[in-house]
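Please walk me through this model in the viewer, one selection at a time. I would like to know what to pick next and what there is to see at each stop.

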Amino acid sequence: MSHTEDVQNLTYEQARDELIAIVAKLEAGSATLDESLGLWERGEALGARCQELLEGARERITEARGEDDGDDELDPAADAGVVAVIPAEEDDE
């Protein structure tokens, strides 16, 4: 099964929680290269699912409030809850 097939059935909370767990595994650095690549691919699919669900929620709120969303850029706050991997800084000792 591909990394994206079952992701489409996850709720936002399920996808977010699994993404957090994947980030923790990757940060631990104990996975092999192949395992890390698989985790990364799964994480990308989960992140995309979270973003899709957040955008859908934003659209529903906009419609419920009777606002015209137009073609405006998405609010940066729409990414709240999505986890990103930030490389650690190396010490120059």
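Start with the core. Select Val7, Leu10, Tyr12, Ala15, Leu19, Ile22, Leu39, Ala45, Leu46, Cys50 and Leu54: these eleven residues form the largest nonpolar core. Two elements, helix 1 and helix 2, each supply two or more residues to this core. Helix 2 is the main contributor, giving five residues. In soluble globular proteins, nonpolar side chains tend to be buried together. Keep in mind throughout that the model is predicted.

**The whole chain**

Zoom out and colour by secondary structure. The chain shows two helices and zero strands. Of its 93 residues, 22% are buried. About 7,100 Å² of the chain is exposed, and carbon and sulfur atoms supply 49% of that area. Taking contacts between residues at least 6 apart in sequence, 75% join residues at least 24 apart.

**Helix 1**

Select residues 12-28. Helix 1 has 17 residues, which at 1.5 Å a residue should span 24 Å; the C-alpha atoms at its ends are 24 Å apart, so the two values agree. Now show the side chains of Tyr12, Ala15, Leu19, Ile22 and Val23, the buried residues of this helix. They lie on the same side of helix 1, because the arc they cover around the axis is only 100°. What do the buried residues of helix 1 pack against? Their packing partner is helix 2, residues 33-64.

Pick Ile22 for a closer view of that packing. Apart from neighbours within four places in sequence, Ile22 is in contact with Leu39, Arg42, Gly43 and Leu46. Leu39 and Leu46 also belong to the largest nonpolar core, as does Ile22.

Then look at both ends of the helix. Thr11 sits in the segment before helix 1. Thr11 is partly exposed, at 37% relative accessible area. Draw a distance from its C-alpha atom to that of Cys50: the two are 39 residues apart along the chain and 8.3 Å apart in space. Just after helix 1, select Gly29, which has a positive phi of about 75°.

**Helix 2**

Move on to helix 2. Its 32 residues reach 46 Å from the first C-alpha to the last, close to the 46 Å expected at 1.5 Å a residue. The buried residues here are Gly38, Leu39, Arg42, Gly43, Ala45, Leu46, Gly47, Arg49, Cys50, Gln51, Leu54 and Thr62. Helix 1 is part of what covers them. Just after helix 2, Gly66 also takes a positive phi, of about 75°.

**Salt bridges**

Finish with the charged side chains. How many salt bridges does a search of the whole structure find? The search finds four. The stops below take in several of the residues involved.

Select Arg16 and Asp17. They form a salt bridge, with the closest N and O atoms 3.1 Å apart. Arg16 is partly exposed, with a relative accessible area of 25%. Asp17 is also partly exposed, at 41% relative accessibility.

Next, select Glu18 and Arg42, whose closest N and O atoms are 2.7 Å apart in a salt bridge. This pair connects distant parts of the chain, since Glu18 is in helix 1 and Arg42 is in helix 2, 24 residues apart. Is Arg42 buried or exposed? At 11% relative accessibility, Arg42 counts as buried, whereas Glu18, at 28%, counts as partly exposed. Arg42 is also one of the residues that Ile22 contacts.

Then go to Arg49 and Glu52, another salt bridge, where the closest N and O atoms are 3.3 Å apart. Both residues are in helix 2; three residues apart, they are separated by about one helical turn. Arg49 is buried, at 11% relative accessibility, while Glu52 is partly exposed, at 38%.

For the last selection, take Asp6, Glu18 and Arg42 together. Salt bridges with shared partners join these three residues into one network.

Methods:
Residues are numbered from 1 along each chain as its sequence is written. This is a predicted model: local features need pLDDT of at least 70, side-chain atom pairs count only at pLDDT 80 or more; totals for chains, interfaces and linings use all residues. Side-chain values use heavy atoms; hydrogens and water are left out. Helices (H or I, at least four residues) and strands (E, at least two) are DSSP runs, numbered from the N terminus. The expected span of a helix is 1.5 Å times one less than its number of residues. Buried means under 20% relative accessible area, exposed over 50%, partly exposed in between (1.4 Å probe, protein chains only). The arc is that of the directions from the helix axis to the C-beta atoms. Contact means heavy atoms within 4.5 Å. A nonpolar core is a set of buried Ala, Val, Leu, Ile, Met, Phe, Trp, Tyr and Cys residues joined through side-chain atoms within 4.5 Å. Accessible areas come from the Shrake-Rupley method with a 1.4 Å probe; for residues, only the protein chains shown count as cover.
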